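Here is a briefing on one protein chain. Look over the sequence and the model, then read on.

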Amino acid sequence: MAEPRWLDQREQQAWRAYIAAQRVVSSRIEQQLQRDAGIPHTYYEILVRLSDAPGNRLRMSELAVATLGSRSRLSHAVNRLEQHGWVKREGIESDRRGQVAILTELGRQKLVDTAPGHVEEVRQSIFDALTAEQVEHLYDVCATLARHSGDTVDRAAWERT
């Protein structure tokens, strides 16, 4: 058995700082969405993903990958979103087992109503504490970690803004 590749002191400090920041930021965002919109961050992310998708629709399998969730957890979340009228599901004619999730007008309005408070919390939790150069570094580090884990990051979208 190979010897563990222990973290050196600087790596340990970076790891602990990452964990502390991730916990605080995630907690603040989750609390804001629950308090102001009555939804967890996972539901908000599903609505955003559908809003960003062509035709405001995604296959359930694609949505599960995009939100890093299992199909069963996603199905439960979409069921809840359907109950609110924010999302609907339709079958796919060419794939009897496949379904697409579609953002409804009510769902779009929920995003419109929720986004200002959410963006302000993100700004207060992250970007107000950083310089423009640190924002660039944050992007580089996060994009590198996402790619290393097999996710994709659209640098072109970053550069358009």
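How much area does the chain expose, and what share of it do carbon and sulfur atoms supply? The exposed area is about 11,600 Å², and carbon and sulfur atoms supply 52% of it. The model is predicted. The points below go from the whole chain to helix packing, then to single residues.

**Overall layout**

- The chain holds seven helices and three strands.
- Their order along the sequence is α-α-β-α-α-β-β-α-α-α.
- Along the principal axes, the C-alpha atoms fill a box of roughly 55 × 45 × 30 Å.
- The chain has 161 residues, and 29% of them are buried.
- Take the contacts with a separation of 6 or more: residues 24 or more positions apart account for 45% of these.

**Helix 1 against helix 5**

- Helix 1 covers residues 9–37 and helix 5 covers residues 105–125.
- The two pack at an angle of about 150 degrees, and their axes are 10 Å apart.
- Helix 1 is therefore roughly antiparallel to helix 5, as the angle is over the cut-off of 145 degrees.
- The crossing of helix 1 past helix 5 is right-handed.
- Helix 1 brings V25, R28, I29, Q32, L33 and A37 to this contact.
- Helix 5 answers with K110, T114, G117, H118, E121, V122, Q124 and S125.
- By class, the contact of helix 1 with helix 5 has five nonpolar, six polar and three charged residues.

**Helix 2 against helix 5**

- The axes of helix 2 and helix 5 come within 11 Å.
- They cross at roughly 120 degrees.
- Helix 2 and helix 5 are therefore oblique to each other.
- Helix 2 passes helix 5 in a left-handed crossing.
- On helix 2, the contact residues are H41, Y44, L47, V48 and S51.
- On helix 5, they are R108, K110, L111, T114, A115 and H118.
- The contact of helix 2 with helix 5 divides into five nonpolar, four polar and two charged residues.
- K110, T114 and H118 of helix 5 take part in the contact with helix 1 and also in the contact with helix 2.

**Helix 2 against helix 4**

- Helix 4 spans residues 71–83.
- The axes of helix 2 and helix 4 come within 10 Å and cross at roughly 80 degrees.
- Helix 2 is therefore roughly perpendicular to helix 4.
- Y43, I46 and L47 of helix 2 meet L74, H76, A77, R80 and L81 of helix 4.
- Six nonpolar residues, one polar and one charged make up the contact of helix 2 with helix 4.
- L47 of helix 2 serves in this contact with helix 4 and in the contact with helix 5.

**Two glutamines of helix 1**

- Q32 sits in helix 1.
- Q32 counts as buried because its relative accessibility is 2%, under the 20% cut-off.
- Beyond its neighbours within four places in sequence, Q32 is in contact with A37, G117, H118 and E121.
- G117, H118 and E121 are among the helix 5 residues that form the contact with helix 1.
- Q34 also lies in helix 1.
- Q34 counts as partly exposed, because its relative accessibility is 38%.
- Leaving out residues up to four places away in sequence, Q34 touches I39 and P40.

**N56 in a loop**

- Where does N56 lie? N56 is in the loop between helix 2 (41–52) and strand 1 (57–59).
- N56 is not a glycine, yet it has a positive phi of about 55 degrees.
- Is N56 buried or exposed? At 19% relative accessibility, N56 counts as buried, since the cut-off for buried is under 20%.

**L138 in helix 6**

- L138 belongs to helix 6, which runs over residues 132–148.
- L138 counts as partly exposed because its relative accessibility is 32%.
- Not counting residues up to four places away in sequence, L138 touches I126, F127 and L130.
- L138 and R89 are 49 residues apart along the chain, and their C-alpha atoms are separated by 36 Å.

Definitions and conventions: Residues are numbered from 1 along each chain as its sequence is written. This is a predicted model: local features need pLDDT of at least 70, side-chain atom pairs count only at pLDDT 80 or more; totals for chains, interfaces and linings use all residues. Side-chain values use heavy atoms; hydrogens and water are left out. Axes are lines fitted to C-alpha atoms, for helices over the stretch in contact, and angles run from 0 to 180 degrees between N-to-C directions. Helices (H or I, at least four residues) and strands (E, at least two) are DSSP runs, numbered from the N terminus. Angles under 35 degrees count as roughly parallel, over 145 as roughly antiparallel, 65 to 115 as roughly perpendicular and the rest as oblique. A crossing is left-handed if the near helix is turned anticlockwise from the far one by less than a right angle, and right-handed if clockwise. Contact means heavy atoms within 4.5 Å. Ala, Val, Leu, Ile, Met, Phe, Trp, Tyr, Cys and Pro count as nonpolar, Asp, Glu, Lys and Arg as charged, and the others, Gly among them, as polar. Buried means under 20% relative accessible area, exposed over 50%, partly exposed in between (1.4 Å probe, protein chains only). Accessible areas come from the Shrake-Rupley method with a 1.4 Å probe; for residues, only the protein chains shown count as cover.
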